[in-house]
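Thanks for sharing this one. Here are my notes, set out as numbered points so you can check each against the coordinates.

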Amino acid sequence: MANEVDRPVLVITEAVDPAGITLLQDHGYQVVMGTGYDEETLMREAHDADGVLTRNGHFTERVLNSCPKLQVIGMHGAGVDCIDVEAAERLGIQVTNAADANSGSVAEFTLGLILSLAKKLPQSRDGLRKEGWSIRPQITTFDLEGKTLGVLGMGRIGTAVARKASYGFGMKVLGYRRNLPGDICADYGILTSDLDKVIRNSDFLSIHLPYTKDTFHLVSCEKLELMKPDAYLLNLGRGEVVDQAALRELLLSNRLAGAALDVFEGEIPDADDPLLHMDQVIATPHIAGLSKQAMERLSYQAALGITEVLEGRKVTYPVNHPEKYASDVSVA
């Protein structure tokens, strides 16, 4: 058995499901629970770490440079916007994620929100509580069959949403994917690179895009104004993809039927943000991918990436490719 000092040190920045912790411990690693994910805390607590498992750790280039032993960061989720991935790559640090952990969970949550919007579930619940049975004739719902669902971001989650909507509810699907040579027929609908076409024709526009320099305010004021006034917008990607101020104005002026938001610009919205208090908006605290089963998979897959890197095995869910820098160095 290796001495304690010889065992790789792994820091877990926040609480995770035991599935990942057990996997790391079973591999003989020293597992240390961190106390926070801000820069200063990470610089102090991850300084001697060989690997880190994180949910929200702000791994800036400054933090990464302060961790000379760090070989791998296992992200507890698919999005890695809190990590300077390019800097990690230059420094030879592998970033992995849990890309396949919560796609089904988020897809189910998305369909639940679409149903809630179409069937006016929040309004029916609140109306019955406040006004009693007299609310019944005031609620008008509609069916999803034949309605058009636009999906921005046709990765694992977007594709799962498209298939469930098409097969389960008979919805027409328009999926947006950049750099396509033309419209492509899929089993669940049409894939296109024409963003405006998707936005204009959608009865429900569901966003599942990560936050990058290319997606910041991709759904701008100009794009939002292309939406039909009786359409609904859903954002389950990242808040920064949508011009939230413009969305707020369209909803306040009744130029959009409603919205469902699980993510917000800056992550945590102000308590007095009108979006949290509009009857036509369903707002949830970024919980679409936090089902019990998804949390187990997220923790396990993040830990799996760490074990693969430290043991020199092929990485199942790589985010970057630091090996190309190692190749350059060896050639030089």
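1. K69 counts as partly exposed, because its relative accessibility is 39%. Its salt-bridge partner is D50, with the closest N and O atoms 4.0 Å apart. D50 is the buried member, since its relative accessibility of 11% falls under the 20% cut-off. D50 sits in the loop between α2 (39–45) and β3, while K69 sits in the loop between α3 (61–65) and β4, so the pair ties together parts that are 19 residues apart in sequence. Please keep in mind throughout that this is a predicted model.

2. How many salt bridges does the model hold? The count comes to 16. One of the groupings is a network of salt bridges that links E39, E40 and R62. As general background, side chains of opposite charge can pair when their charged atoms come close.

3. Another pair you may like to look at is D187 with R163, where the closest N and O atoms are 3.0 Å apart. D187 belongs to the loop between β8 and β9 and R163 to helix α7 (residues 156–169), so this salt bridge connects distant parts of the chain, 24 residues apart. D187 is partly exposed at 43% relative accessible area, and R163 is partly exposed at 35%.

4. R248 and D273 also meet through their side chains in a salt bridge, at 3.2 Å from N to O. This pair links distant parts of the chain, 25 residues apart: R248 is in helix α10, and D273 is in the loop between β12 (258–261) and β13 (281–283). Are these two residues buried or exposed? Both R248 and D273 are buried.

5. E14 deserves a look of its own. This residue is found in the loop between β1 and α1, and is buried yet has no salt bridge. The nearest side chain of opposite charge is R55, 5.0 Å away. What does the side chain of E14 reach instead? It reaches the backbone nitrogen of R55 at 3.0 Å, and it makes a polar contact with the side chain of T13 at 2.4 Å. Leaving aside neighbours within four places in sequence, the contacts of E14 include M33, Y37 and T54.

6. Turning to the strands, 5 of them form an open sheet with parallel pairing, in the order β2-β1-β3-β4-β5. The edge strands, β2 (30–33) and β5 (94–96), each pair on one side only. From one strand to the next the twist averages 20°. Within this sheet, β3 (residues 51–54) and β4 (residues 72–75) run parallel and are joined by 4 bridges, with V72 in β4 as the bridge partner of G51.

7. Two helices lie across these strands. Helix α1 (residues 18–26) crosses β1 (9–12), β2 and β3, running at about 145° to β2. Helix α11 (residues 292–310) lies across β1, β3, β4 and β5, at about 165° to β4.

8. Elsewhere, β8 (residues 184–186) runs antiparallel to β9 and is joined to it by 3 bridges. The two form a hairpin with 2 residues between them, and I184 stands opposite L191 in β9. In contrast, β7 (residues 172–176) pairs with β9 (residues 189–192) in the parallel sense, over 3 bridges.

9. Finally, V242 lies in the loop between β11 (232–235) and α10 (244–252). This residue is buried, because its relative accessible area is 4%. Beyond neighbours within four places in sequence, V242 is in contact with residues including I207, H217 and V219.

Key:
Residues numbered from 1 in each chain as written. Predicted model: local features only at pLDDT ≥ 70, side-chain atom pairs only at ≥ 80, totals over all residues. Heavy atoms only, no water. Pairing = 2+ DSSP bridges. Axes fitted to C-alpha atoms, helices over the stretch in contact; angles between N-to-C directions. Contact = heavy atoms within 4.5 Å. Buried < 20%, exposed > 50% of the residue type's maximum accessible area, 1.4 Å probe, protein only. Lys, Arg positive; Asp, Glu negative; His and termini not counted. Polar contact = N/O pair within 3.5 Å; in protein donor to acceptor, adjacent residues only side chain to side chain.
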